[in-house]
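Biologist: Could you take me on a close look at one salt bridge and the part of the model around it? I am new to this, so please explain your terms as you go.

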Amino acid sequence: MRASYFCSFRPGRISGPSNSVTLLARQLEETFDVKASIFTTDKSVVKSFSINGAEILPFSEFKVHQCDFAVLAGLYDLNVFRAARRLKATGVPYILSPRSNLMRASFSKSRVKKTIALASYSGYVIRNAAALHFLSESERINSYNPHARYFVSRNGVDLSFLESGENTISCDTKYIDREKVILYIGRYDIHHKGLDLLITAIVKCQAVLREEGWKLKMYGPNSGVGFLHTSKLVAELGISDLVELNGTIIGLDKFSALFNARLFIHSSRYEGQPQAVIEAMSMGCVPIVTAGTNMLEHIKSHDLGWCAEGSSNTLAEKICSAIMSTRIDQLSRSCVGYARSNFAWPIAAREFMKGVQQFGFKNADVQNRN
């Protein structure tokens, strides 16, 4: 069986969707022998490159007759539309994974542009999909879903590096040895990632942070307007001593940072299912999240961290509660056990393939090889 995957991949940059799409493709090939061809919808890419050991091909190299089904990740993308149109014309079914782009909260940003897109090219992609793929039940419930056909399958976390010779992370390190750091890893997108809420929350609890010796360390692409806006905001509010802004961190460096920090924060207004939070939990970095992250069904229900409503006041309260807590060591161990047993890629791949089989895809009656 052959599958083609489409996402906005870019050399030197790994986003949540690009990371999870490549890892899903790899696991489906390993478990179900689904041969993968992965294409970037980024029009600036003209030659192949690699992410997570997978070859990423320019969109121009896509040949529709070379796949039995396709997975389209994203929505407001003209090359996603072009792929959907070519697949539809040749009778090849495709799964659309909107990756939070249909969530109601997402329309608080660029509402007019998104409405126009949904009435035209993005609407075409949705209407002609064999099914929609949501990362969580919360994402589905909180999304505009004009499609009767859908399935839910989770994200996963890849910890294969722990068994490699390049691993320098000592799994014997006790929680008490970790730095008094609240970690943020993601784009410097003020609205989507709720960085205005996060920075304001830091201001509100700055006295406690200074007294207890804590710091917020942020990592993400530092070449855009969002990074400059965040830097300006931090300086103007007088919290430069509490907030450290850094560029992108990936691979082993990222997991090492997660392993050495005590807390991880995700203040998004909307998400499908943030892989960054799952990765943090798998390293024992206890999460503080907003309701918009769609992780409450895991974190709140299983007492794995702190969950705030979408305001700077409640976020500040949770930050203060977390840094003063005497339970973080226990929560850290619980996070590791929960993430590694519930978000393993083999589990995610089986859920995804079950969804594919549910809609009667040609040649989808593949067998689990493991």
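**A salt bridge and the sheet around it**

Modeller: Happily! D241 and R210 join their side chains in a salt bridge, with N and O 2.7 Å apart (the term means a side-chain nitrogen of Lys or Arg within 4 Å of a carboxyl oxygen of Asp or Glu). D241 sits in the loop between helix 8 (225-236) and strand 11 (243-246), while R210 belongs to helix 7 (residues 206-212), so the bridge ties together parts that are 31 residues apart in sequence. Helices (H or I, at least four residues) and strands (E, at least two) are DSSP runs, numbered from the N terminus. D241 is partly exposed at 43% relative accessible area, and R210 is partly exposed at 36% (buried is under 20%, exposed over 50%, partly exposed in between, using a 1.4 Å probe and protein chains only). Elsewhere, K109, R187 and D189 are joined into one network by salt bridges that share partners.

Please keep in mind that this is a predicted model, where local features need pLDDT of at least 70 and side-chain atom pairs count only at pLDDT 80 or more, while totals for chains, interfaces and linings use all residues. Residues are numbered from 1 along each chain as its sequence is written, and side-chain values use heavy atoms, with hydrogens and water left out.

Now to the sheet. Strand 11 belongs to an open sheet of 6 strands in the order 11-10-9-12-13-14, with parallel pairing (two strands pair if DSSP finds at least two bridges between them). Strand 11 and strand 14 (306-308) are its edge strands, and each of them pairs on one side only. From one strand to the next, the twist averages 20° (axes are lines fitted to C-alpha atoms, for helices over the stretch in contact, and angles run from 0 to 180 degrees between N-to-C directions).

Look next at strand 10 and strand 11, which pair in the parallel sense over 4 bridges. Here K217 stands opposite E244 of strand 11. Helix 6 (residues 195-204) packs on this sheet and touches strand 9, strand 10, strand 11 and strand 12, with a direction about 160° from that of strand 10 (contact means heavy atoms within 4.5 Å). Helix 8 lies across strand 10 and strand 11, and runs at about 160° to strand 11.

K217 has another link to show you: it forms a salt bridge with E179, with the closest N and O atoms 3.4 Å apart. E179 lies in strand 9 and K217 in strand 10 (residues 215-219), so this pair ties together parts that are 38 residues apart in sequence. E179 is partly exposed, with a relative accessible area of 41%, whereas K217 is buried at 18%. A search of the whole structure finds 17 salt bridges.

Strand 12 leads us to S268. S268 lies in the loop between strand 12 (261-266) and helix 10 (275-282). At 2% relative accessibility, S268 counts as buried. Its side chain is joined to that of H266 by a polar contact of 3.4 Å (a pair of N or O atoms within 3.5 Å; within protein, one must be able to donate a hydrogen and the other to accept it, and residues adjacent in sequence count only if both atoms are side-chain atoms). Setting aside neighbours within four places in sequence, S268 is in contact with H192, K193, G194, T290, G292 and T293.

Let me finish with cysteines. A disulfide is a covalent bond between the sulfur atoms of two cysteines, and it is assigned here when the two sulfur atoms are within 2.5 Å. This structure holds 0 disulfides. C205 is in none, and the nearest cysteine sulfur, that of C320, is 4.1 Å away. Why is there no bond between C320 and C205? The 4.1 Å from the sulfur of C320 to that of C205 is too far for one. C205 is buried, at 2% relative accessibility, while C320 is partly exposed, at 22%.
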